Amino acid sequence: MPDCIFCKIIKGDIPCSKVYEDDNILAFNDIQPMAPVHVIIIPKKHIATLMDLDAKNIDVTSNLISAAQKVARIKNISDRGFRTVINCNAEGGQVVFHLHMHLLGGRKLQDPLG
Ligand code: AMP
Ligand code: ZN
């Protein structure tokens, strides 16, 4: 998608601080971190929102979870704990319309939902 900022990061047109990459997934440090560890995990395939996941691309779901496990190990927070969040659409707080999972950790997350 030409106007999608995360597609531009995948293409290498916009730089990122890469944490993990494989054939299907890219993970990079969030540019405005909300916690000591704040990684954005994205499928390389452009999918706009969580609501666009279906039986045809269900592999994306397991790829995101598998990548979250790898990122948590890379960042050494798998035992301490962390949080994953997928914002969906306006009231969910989604700003970038390329499906992504936030992985947050490195401190005690205070707000049960924030
Ligand atoms: P969301 O509100 O769920 O759509 O989250 C979008 C996230 O992408 C925010 O946490 C932004 O800080 C992050 N973000 C936006 N642009 C970049 C970028 N160029 N590099 C890294 N993170 C970004
Ligand atoms: Zn995209």
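What follows walks through the sheet, the helix packed on it, an aromatic pair and the ligand site of this predicted model.

The core of the description is an open sheet of five strands, laid out in the order β1-β2-β3-β5-β4 with antiparallel pairing. At the edges sit β1 (18-21) and β4 (82-85), each of which pairs on one side only. From one strand to the next, the twist averages 20 degrees. Strands in a sheet are held in pairs by backbone hydrogen bonds, and the pairing can be parallel or antiparallel. Zooming in on one such pairing, β2 (residues 25-29) and β3 (residues 37-43) run antiparallel and are joined by five bridges. Asn-29, for instance, has Val-39 in β3 as its bridge partner.

And what packs on the sheet? That would be helix α2 (residues 59-74), which touches β1, β2, β3, β4 and β5 (101-105). The direction of helix α2 makes about 150 degrees with that of β3.

Turning to aromatic rings, the count comes to one pair. Phe-6 and Phe-28 are the partners, with ring centres 5.5 Å apart and 75 degrees between the planes. As 60 degrees is the lower bound for the edge-to-face class, the pair of Phe-6 and Phe-28 is edge-to-face. The two rings come from distant parts of the chain: Phe-6 belongs to helix α1 (residues 5-11) and Phe-28 to strand β2, a separation of 22 residues.

Then there is ligand 1, with 16 residues around it. The closest of these are Asp-30, Gly-93, Val-95, His-100 and His-102. Several side chains offer polar atoms to the ligand's oxygens. For Asp-30, a polar side-chain atom lies 2.5 Å from an oxygen atom of ligand 1. Asn-87 places a polar side-chain atom 2.8 Å from a ligand oxygen atom, and a side-chain N or O atom of His-102 is likewise 2.8 Å from an oxygen atom of ligand 1. On its own, ligand 1 has 500 Å² of accessible area, and the protein covers 85% of that.

Technical notes. Residues numbered from 1 in each chain as written. Chains lettered and ligands numbered in written order. Predicted model: local features only at pLDDT ≥ 70, side-chain atom pairs only at ≥ 80, totals over all residues. Heavy atoms only, no water. Pairing = 2+ DSSP bridges. Helix = DSSP H or I, 4+ residues; strand = E, 2+ residues; numbered from the N terminus. Axes fitted to C-alpha atoms, helices over the stretch in contact; angles between N-to-C directions. Contact = heavy atoms within 4.5 Å. Near = heavy atom within 4 Å. Polar contact = N/O pair within 3.5 Å; in protein donor to acceptor, adjacent residues only side chain to side chain. Areas by Shrake-Rupley, 256 points an atom, 1.4 Å probe, with all protein chains shown as cover. Phe/Tyr/Trp six-rings, centres within 6.5 Å; stacked < 30°, edge-to-face > 60°.
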